[in-house]
Amino acid sequence: MTNTSYVRTEMLPEKAPPLAQAGAVKWMRENLFSSIPNAILTLLALFFLYKALAGTLPWIFQSSMTADSLGGCRDAIKAAYGEDASGACWAVIRERYHQLLFGFYPSELYWRPILAFVLMLVAIAPVLYDTLPRRILWLTAVYPFLAFWLLWGGSVWLPISIILGFVIGGLAAVYLSNLLGTLGSTLAAILLPILWWMLLAGVFADAMQSILPIGIESVESAMFGGFMLSVTIGITGIALSLPIGIFLALGRQSNLLIIRSLCIGFIEFIRGVPLITLLFVASTLLNYFLPPGTNFDIILRVMIMVTLFASAYMAEVIRGGLAALPKGQYEAADALGLDYWKSMRLIIMPQALKIAIPSIVSNFIGLFKDTTLVSIIGLLDPIGLSNAIRADSNWNGIVWELYGFIALMFWVVCFSMSRYSMYLERKLQTGHS
Amino acid sequence: MTATTDTDKSVFRLSMLIYDTRYRSLTIQAVALILFMLGVAWLLNNAAENLAALGKPLSFGFLTHPAGYDINQRLVEYTSQSTHARAALVGILNTLLVAVLGCITATLIGVTVGVLRLSKNWIVARLMTVYIEGFRNVPVLLWIVLFMAIFIETFPQPRDFRGADATASMYLGESVALTNRGFYIPKPVFYDGSWIVIAVFVVSLIGMWSFARMARKKQEATGQILPVMWVNLAIFVIPSVLVYFVMGKPIGLDMPVLKGFNFAGGFYMRNSLIALWLALSLYTAAFIAEAVRSGIQAVSHGQTEAAFALGIRPGRTMSLIILPQALRVIIPPLISQYLNLTKNSSLAIAVGYMDITGTLGGITLNQTGREMESLLMLMACYLTISLTVSAIMNWYNESIKLKER
């Protein structure tokens, strides 16, 4: 056999694709101009984009940072950019950003909320990312008391005596179980701390304070405001509504008739009324339901109401997760001989919570946005402050700069929460299902 | 654990209430019920004591007293001499007004945006994402006060329309005035004989419905498709317009006219209503868009491919195959968004729109000092709306559920 010459022995080099079928041109043909309606839509969108950017960009950058009133701003902008130029008056943010961030918190004590915020980031980091050292979780456990002490100030012994209550409960649960059995020690772990808080904690705190006065300057709730207030209320609501919501969801799924009806009644009532009516209850009505003469802090009352509100929604979301779980999981847990709480803790809840993550996080986002409603009952959150600033004669008539700043702050927080939930979903994705 | 069931069943010892799983649930429920009752009794007792100490025992008598305040956006007759109950009714109607308006526009915007976000057009899909993420992640209260502020600062005052050198002008042939106090739009006026036009219009609606029914039956029987849309358009327009001119234009428009420093006549939509409406619609539309998108994506791609394999055109694939299946996923979150919108409309109080929260929970509460009664009634109103809507939704969900096995 000889080599026949009419069969090609080597491959031809690849030819470049036609110009219209490669690179940017191809991408544009496919994604922007694939058909005539699509091309029209693209042109409309481009026109809209151009209009929007042409309107806002010069406005954002032809701005004044230095003036001390809206009129001053306009004069400065006219002087710098010509007679018919209009620009943003960022001076209002420069003058008032302390207020928007901290409300009327004493300015020499700003380090305390800032420190509390930084510690919060550290404390929630190990919860969010499980690659971090587990030892930080101790800080997470102590953090609520630390933050309370940093924000409101006062004697250090008050938070310590409250922590002691939890310590007593924990010790009772561990060491009394030999003496009293499981049930007895559980009851003791619930009752002893309550007795401690009601009878001894105040005495203990006062006594220790007189022996060893350690404390920082206390700040009244009326001074709280701005984003500090939103974050405080929001984080409290988020942290407390998840556990309460889990119990409510379990109660609603339980086969104990009375427990189930109580849970359904609570959830449907809360979900049926707007948050603002509950805040009205907090501001005007809650004192009626407490023993005559009690009057406790308005921020605390609002926190209670916001938490109750959020937990009802949380319960519904978690119930969705429980319902989405195949029945085989419940049956498998029973077949392993786990009792109710063990099967919930080890088998059901981890999976149900995983299913519910997107809705749980969007509930958190909703809760954080809803903290702005406290401005309606007169607390000075950013929107409450914006009303005050717009009523100031210097800044009368300011709209976009102020609301834009507030909106941006909320947007950053909420958007990062939703991105985190997407990351978490991807991380917990187990491949099947 | 199971060993305990081997004991003699006839013997009942007190400890079995705790350690026997057969009785434990009863114990737990009894304890929970007792604790709950004790808690409620304690709260009610405190409330009764406190109210008695303040000298205002629970009574709804204040509802019949004259309210003494004005409401300038109203759907029914109301003066400051009307009772508090009447004010509450005006409030409820205002709540429903903004809720219905908001739901309609939010659905229109939301469906459009949700579909466009799935568009193959890159730039349009991106713009829609920006809209959704922008509106969803900022509090609705901020949108409401922002729209209100824009309204007050940017629209002209009514007096700017006055005189020869007016700085502002009306739109659409001198019929619509946009001022910073609100919009003035023409109002239809019904003269003698207008009922005939309305009757003809209603009859033509019935005609459209029966023609569509007949066309569908014919298609199912013979496969022949009638031009339903064009015929129905003709039925919709021609008879009513003919009768309208034959009867000598019995329905006219009451135009807003500038009188003194303000407009008179026409239909007045207060600025707070429009700001609230816009803010609620745009905010809720972002959520509805997400619901629509996830509903459409929930229909598996195999359905589209199967439809194409059967030779069904893309438009009909959408309307006959995809949408009916997607709707089953979309409707429940859609309804819950409607409920959210209704509940969020209570934020009207921030811009002074007199909804039920503004009347009953706002001025009436402050004037009479009857916090307990007012708030109970306020909550009862919202609860009634919510529970009614969710009952309807549950019924609907039951009826469209896939009948499996």
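Here are two short exercises on chain B, with worked solutions.

This is a predicted model, in which local features need pLDDT of at least 70, side-chain atom pairs count only at pLDDT 80 or more, and totals for chains, interfaces and linings use all residues. Residues are numbered from 1 along each chain as its sequence is written, chains are lettered from A and ligands numbered from 1 in the order in which they are written, and side-chain values use heavy atoms, leaving out hydrogens and water.

**Exercise 1. Describe the overall dimensions of chain B.**

Step 1: Start with the box. The C-alpha atoms fill roughly 95 × 75 × 45 Å along the principal axes.

Step 2: Turn to the radius of gyration, taken over C-alpha atoms. Chain B has 29 Å, whereas a compact globule of 405 residues would have a value near 22 Å; the globule rule is 2.2 Å times the number of residues to the power 0.38.

Step 3: Add the burial. Of the 405 residues in chain B, 40% are buried (under 20% relative accessible area, 1.4 Å probe, protein chains only).

**Exercise 2. Work out the surroundings of B:Ser345.**

Step 1: Locate the residue. B:Ser345 sits in the loop between α10 (314-344) and α11 (356-368); helices are DSSP runs of H or I with at least four residues, numbered from the N terminus.

Step 2: Check exposure. B:Ser345 is buried, and its relative accessible area is 0%.

Step 3: List the partners. Apart from neighbours within four places in sequence, B:Ser345 is in contact with B:Thr95, B:Val98, B:Leu276, B:Leu280 and B:Asp355 (contact means heavy atoms within 4.5 Å).

Step 4: Finish with the side chain, which reaches the backbone oxygen of B:Thr342 at 2.6 Å.

Definitions and conventions:
Buried means under 20% relative accessible area, exposed over 50%, partly exposed in between (1.4 Å probe, protein chains only). Helices (H or I, at least four residues) and strands (E, at least two) are DSSP runs, numbered from the N terminus. A polar contact is a pair of N or O atoms within 3.5 Å; within protein, one must be able to donate a hydrogen and the other to accept it, and residues adjacent in sequence count only if both atoms are side-chain atoms.
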